[in-house]
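Let's take a walk through a protein together, one piece at a time. Keep the picture open while you read, and turn it around as we go.

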Amino acid sequence: MKLLVVAIALTTLLTFQSVAQQVSLDKVAVIVDQGVILESEIKALVEQVKRNAETNNQTLPSDRALRTQAIEKLVTDNLQTQMAQKMGIQISDPQLDQTIAGIAANNNLPMDQFRAAIARDGIPFEVYREDIRKELITQEVRRANVRRRVYITPQEIENLVKLIDEQGAKQAEYNLGHILIGFPPQPTDEDIAKAKSTADKVLELLNNGSDFTRIAIASSSGSKALEGGDLGWMNINSMPTLFAEAVQDKDKDEVVGPIRSGAGFHILKVKDLRGVEVVKVQEVNARHILIKPSVILSDEKAKEKLEEFRKQIVAGEATFEDLAKEHSADPGSAIKGGELGWNDPNIYVPAFKDALANLEADEIGQPFRSSHGWHLVQMIGKRVDDATDKRKEDKAYQLIFNRKFTEETDAWLREMRDAAYIEVLDSSSELGS
């Protein structure tokens with residue numbers, strides 16, 4: 001009996017020590033306004049970057065540099081999450097499941113194989129699922145806060161339409177790498193000189209053959225630092241004007257900079273480029289009724305509501321236009337009886353685009369769920385784009401909007417970051433507050 005008691009006590013002690021070790025590993029590392037960042041979150045993000053680098057055969061900077069960049073990204077994400085909570089932005093489980101199913105479909109994988117692929121990357125599926133939820137919430141927060149900062153004048157559209165006409169049938173697209181040596185808020189002359197000196201050293205390293213991805217991860221203050229500064233493919237007219245002027249007529253693998261802006265000094269690398277022919281596309285005109293689930297309206301009830309609307313329309317008891325004006329949660333189209341106008345279907349979210357593809361003229365589809373809520377859609381008509389002046393203006397507007405939205409997003413994130421209270425509790429890492 002004494003031996004049994006000793007054994008139990010020893011087991012309890014070891015268990016307690018193990019739990020204590022686990023708790024000590026998952027401590028609060030950073031305080032961000034009303035939120036916190038855990039040590040486990042930092043470690044998980046650093047490990048993810050390392051796995052991606054290993055998969056892509058990329059070299060990485062020191063663990064200290066990686067940790068600093070990981071903290072910076074998590075701080076920005078945390079601030080956006082707090083803002084989403086204040087705004088009441090949520091992503092329901094059905095909406096999340098539909099998004100993940102769409103990602104699997106885009107990768108041509110059934111869900112069981114998609115889950116297996118996620119597991120092979122060393123990521124538990126529930127962790128992946130919540131990461132997607134956070135990303136969707138972040139997108140909604142950015143759209144809500146940045147869209148109202150974008151203002152486009154008729155003159156800007158007219159100027160770009162002329163430029164597109166002058167370029168003729170081909171337009172250049174660039175795959176860019178980006179490094180930003182940033183300024184602190186309200187920089188002094190000394191701060192600017194120091195940033196310029198750092199940018200010159202970075203440019204010298206790159207010109208001497210240093211790896212762009214590694215230097216971007218270690219040194220960049222840009223939003224894509226952890227992705228090695230990869231901005232992806234960008235049309236010459238949709239990228240920031242400062243970048244467009246700098247890379248125009250540059251060749252593949254050419255490094256450009258430093259380029260000064262209000263944010264700091266930018267260094268760009270033309271990773272690749274290609275010419276894109278302007279082709280005719282099929283456009284669609286449709287009308288819809290949007291019902292958004294809420295605390296008092298469940299997903300199932302929202303769907304049932306639209307099913308009842310469809311029955312009324314088919315039976316001739318009500319018109320689509322009248323129901324849209326009275327019930328649709330999309331104010332932009334509701335006042336027009338739900339009509340969305342002629343558009344390239346690629347501008348819509350995947351679920352909406354797929355629903356339109358299966359409808360013929362005047363046909364009313366079944367209710368379906370997208371990231372915005374539940375929709376009932378009627379196809380008005382389809383046509384092949386004839387490249388009219390209106391089409392050119394719409395295209396010019398979208399290109400300018402994309403560019404300004406990107407610029408304003410970066411500015412909004414910097415402003416939110418500069419106004420936040422941030423305290424790093426782990427002295428082994430560095431982060432400006």
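What follows is a tour that begins with the whole protein and then moves to its sheets, a helix and some side chains.

Before we set off, you should know that this is a predicted model: local features need pLDDT of at least 70, side-chain atom pairs count only at pLDDT 80 or more, and totals for chains, interfaces and linings use all residues. Residues are numbered from 1 along each chain as its sequence is written, and side-chain values use heavy atoms, with hydrogens and water left out.

Let's begin with the big picture. The protein has 15 helices and 11 strands; these are DSSP runs, numbered from the N terminus, with helices being H or I of at least four residues and strands E of at least two. Of the 433 residues in the protein, 39% are buried. Here buried means under 20% relative accessible area, exposed means over 50%, and partly exposed is in between, using a 1.4 Å probe and protein chains only. Now for contacts, which means heavy atoms within 4.5 Å. Among the contacts in the protein with a separation of 6 or more, 70% are between residues 24 or more positions apart.

Now to the sheets. Strands of a sheet pair through backbone hydrogen bonds, either parallel or antiparallel. Two strands count as paired here if DSSP finds at least two bridges between them.

One open sheet has 3 strands in the order β2-β1-β11, with antiparallel pairing. Its edge strands, each pairing on one side only, are β2 (35–38) and β11 (422–424). On average, neighbouring strands of this sheet are turned by 20° against each other, direction ignored. For angles like this, axes are lines fitted to C-alpha atoms (for helices, over the stretch in contact), and angles run from 0 to 180 degrees between N-to-C directions. Helix α2 (residues 39–55) packs on the sheet, where it touches β1 and β2, and its direction makes about 55° with that of β2.

Let's follow the strand β1 (residues 28–32). It is joined to β2 by 4 bridges, and the two run antiparallel; V28, for example, has L38 in β2 as its bridge partner. The hairpin of β1 and β2 has 2 residues between the strands, and D33 there takes a positive phi near 50°. With β11, strand β1 pairs in the antiparallel sense over 3 bridges. Look for I31 and its bridge partner E423 in β11, and for V32, whose partner in β11 is I422.

Another open sheet has 4 strands in the order β8-β7-β10-β9, again with antiparallel pairing. The edges are β8 (339–343) and β9 (368–370), each of which pairs on one side only. Here the average turn between neighbouring strands is 40°, direction ignored. Strand β7 (residues 282–291) and strand β10 (residues 373–384) pair over 10 bridges in the antiparallel sense, with N285 and G381 in β10 as bridge partners. Helix α12 (residues 320–327) lies across β7 and β10, at about 55° to β7. Helix α14 (residues 350–357) lies across β7, β8, β9 and β10, at about 50° to β10.

How far apart are the end C-alpha atoms of helix α3 (residues 63–87)? They are 36 Å apart, which agrees with the 36 Å that its 25 residues should span at 1.5 Å a residue. The expected span is 1.5 Å times one less than the number of residues. Just after α3, G88 takes a positive phi of about 75°.

Finally, some side chains. A search of the whole structure finds 7 aromatic pairs. One of them is Y348 and F352, a tilted pair with 4.9 Å centre to centre and 45° between the planes. Rings of Phe, Tyr and Trp (its six-membered ring) pair if their centres lie within 6.5 Å; planes under 30 degrees apart count as stacked, over 60 as edge-to-face and the rest as tilted. Y348 is buried because its relative accessible area is 16%, and F352 is buried at 4%. Elsewhere, F114, F125 and Y128 form one aromatic cluster.

Buried or partly exposed: what is N175? With a relative accessible area of 14%, N175 is buried. N175 is found in strand β3 (residues 170–182), and the residues it touches, not counting those up to four places away in sequence, include D230, W233 and K271.
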